[in-house]
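Work through the following exercises with the sequence and the coordinates at hand. Each task is followed by a solution that goes step by step.

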Amino acid sequence: MNENEFRIEHLKSKDIPSTIKVFNSQLGKNYITATFLRDVLKEKMLYCKVIKEKASNIIVGACLYGIIDNSATTELTKGHEIDKFKNIKQIGFIKTIAVLSKYQNLGLGTKLLQDVLNELNRKVVDMFISTAWEHSGITNVSSLLKKFGFVEKFKICNYWYEDSLEKKYQCPVCGNPCHCNCVVYIK
Ligand SMILES: CC(C)(COP(=O)(O)OP(=O)(O)OC[C@H]1O[C@@H](n2cnc3c(N)ncnc32)[C@H](O)[C@@H]1OP(=O)(O)O)[C@@H](O)C(=O)NCCC(=O)NCCS
């Protein structure tokens with residue numbers, strides 16, 4: 001398999017069930033729900049791109065991202081101010097990215113994130129934040145983010161604890177509630 005056998009598209013409503021399968025398998029059951037993705041398509045508060053295998057049309061990866069302002073980044077970081085973002089109205093936000101296990105380490109995460117960052121750059125965004133999942137000291141997405149110039153800013157412990165209780169999703173590592181940490185990366 002090589003990366004030219006895959007194409008990137010914006011999420012369409014018919015692709016929501018397959019996209020949920022990708023998120024459920026990599027991020028835990030019900031962390032991202034079909035209702036959430038339908039709201040993404042309706043309200044345009046975030047965007048979602050998927051990567052498909054051309055031959056089979058199977059969705060093998062997906063990325064949720066958006067454009068937020070500084071007050072929204074402070075909400076995301078649970079009150080930690082980031083000096084660089086002060087008074088900035090458009091900050092690119094990489095919420096999450098996932099690739100099916102069978103298709104990992106083929107460069108597809110890189111291809112998808114490159115596409116998303118290009119799109120955000122075209123929308124005149126030049127500062128970025130990502131809230132990366134850390135479990136057992138491992139941040140799966142760290143080498144991918146660093147490759148694109150993101151640097152680690154700080155860590156927030158038990159980041160998803162209350163959210164996981166409220167929304168009842170299953171962390172792939174802790175189950176419910178989730179005790180994993182979030183590493184905030186910026187660029
Ligand atoms: C993180 C993830 C999206 C990377 O996708 P991918 O298609 O494998 O990425 P690439 O093949 O482009 O590889 C990018 C880098 O990530 C590394 N990587 C891939 N899978 C990894 C994993 N499970 N753990 C740690 N690093 C991983 C690769 O070694 C590569 O690093 P390198 O370029 O320095 O060699 C994918 O591993 C995944 O879905 N992980 C589970 C879900 C997750 O943690 N998502 C992030 C939540 S914020």
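**Exercise 1.** Decide whether Lys78 is buried or exposed in this predicted model, and describe its place in the chain and its backbone.

*Solution.* Begin with the neighbour count, which for Lys78 gives 10 C-beta neighbours inside 10 Å. Since a residue is exposed if 12 or fewer other C-beta atoms lie within that distance, Lys78 counts as exposed. Next, locate the residue: Lys78 is found in the loop between helix H3 (70-76) and S4. Finally, turn to the backbone, where phi of Lys78 is near 55°, a positive value in a residue other than glycine. As background to this step, most residues other than glycine have a negative phi.

**Exercise 2.** Find where Asn105 lies, and give its phi and its exposure.

*Solution.* The loop between S4 and H4 holds Asn105. Although Asn105 is not a glycine, its phi is positive, at about 65°. With 8 other C-beta atoms within 10 Å, Asn105 is exposed. As for distance, Asn105 and Ile16 are 89 residues apart along the chain, and their C-alpha atoms are separated by 24 Å.

**Exercise 3.** Establish whether Val60 is buried or exposed, and list its contacts beyond the neighbours within four places in sequence.

*Solution.* Val60 is found in strand S3 (residues 59-68). Its surroundings contain 23 other C-beta atoms within 10 Å, and because 20 or more suffice for the buried class, Val60 is buried. Once its neighbours within four places in sequence are left aside, Val60 is in contact with Phe6, Ile51, Lys52, Glu53, Val99, Leu100, Tyr103 and Leu108. A C-alpha to C-alpha distance completes the picture: Val60 and Ser101 are 41 residues apart in sequence and 8.8 Å apart in space.

**Exercise 4.** Characterise how helix H1 (residues 16-27) and helix H2 (residues 34-43) are arranged, and say which residues meet.

*Solution.* Two packed helices are described by the angle between their axes and the distance between the axes. For H1 and H2, the axes come within 10 Å and cross at roughly 125°. That angle lies outside 65 to 115 and is not over 145, and H1 and H2 are therefore oblique to each other. The crossing of H1 and H2 is right-handed. On the H1 side, Ile16, Pro17, Thr19 and Ile20 take part, and they meet Ala34, Leu37 and Arg38 in H2. Sorted by class, this contact has 5 nonpolar, 1 polar and 1 charged residues.

**Exercise 5.** Describe the shell around the ligand, stating how many residues surround it and which are closest.

*Solution.* The ligand is surrounded by 20 residues, of which Gln104, Gly109, Thr110, Asn140 and Ser143 are the closest. Two or more residues of the shell come from each of H1, strand S4 (91-99), helix H4 (108-122), strand S5 (128-134) and helix H5 (142-147). S4 provides the largest share, with 4 residues. By class, the shell has 10 nonpolar, 9 polar and 1 charged residues.

**Exercise 6.** State which geometry the peptide bond from Asn176 to Pro177 has.

*Solution.* Omega is near 0° for the bond from Asn176 to Pro177, and this peptide bond is cis. Pro177 is found in the loop between helix H6 (161-167) and strand S7 (181-186).

Methods: Residues are numbered from 1 along each chain as its sequence is written. This is a predicted model: local features need pLDDT of at least 70, side-chain atom pairs count only at pLDDT 80 or more; totals for chains, interfaces and linings use all residues. Axes are lines fitted to C-alpha atoms, for helices over the stretch in contact, and angles run from 0 to 180 degrees between N-to-C directions. Angles under 35 degrees count as roughly parallel, over 145 as roughly antiparallel, 65 to 115 as roughly perpendicular and the rest as oblique. A crossing is left-handed if the near helix is turned anticlockwise from the far one by less than a right angle, and right-handed if clockwise. Two residues are in contact if their C-beta atoms, placed from the backbone, lie within 7 Å. Ala, Val, Leu, Ile, Met, Phe, Trp, Tyr, Cys and Pro count as nonpolar, Asp, Glu, Lys and Arg as charged, and the others, Gly among them, as polar. A residue is near a molecule or strand if its C-beta atom, placed from the backbone, lies within 6 Å of it.
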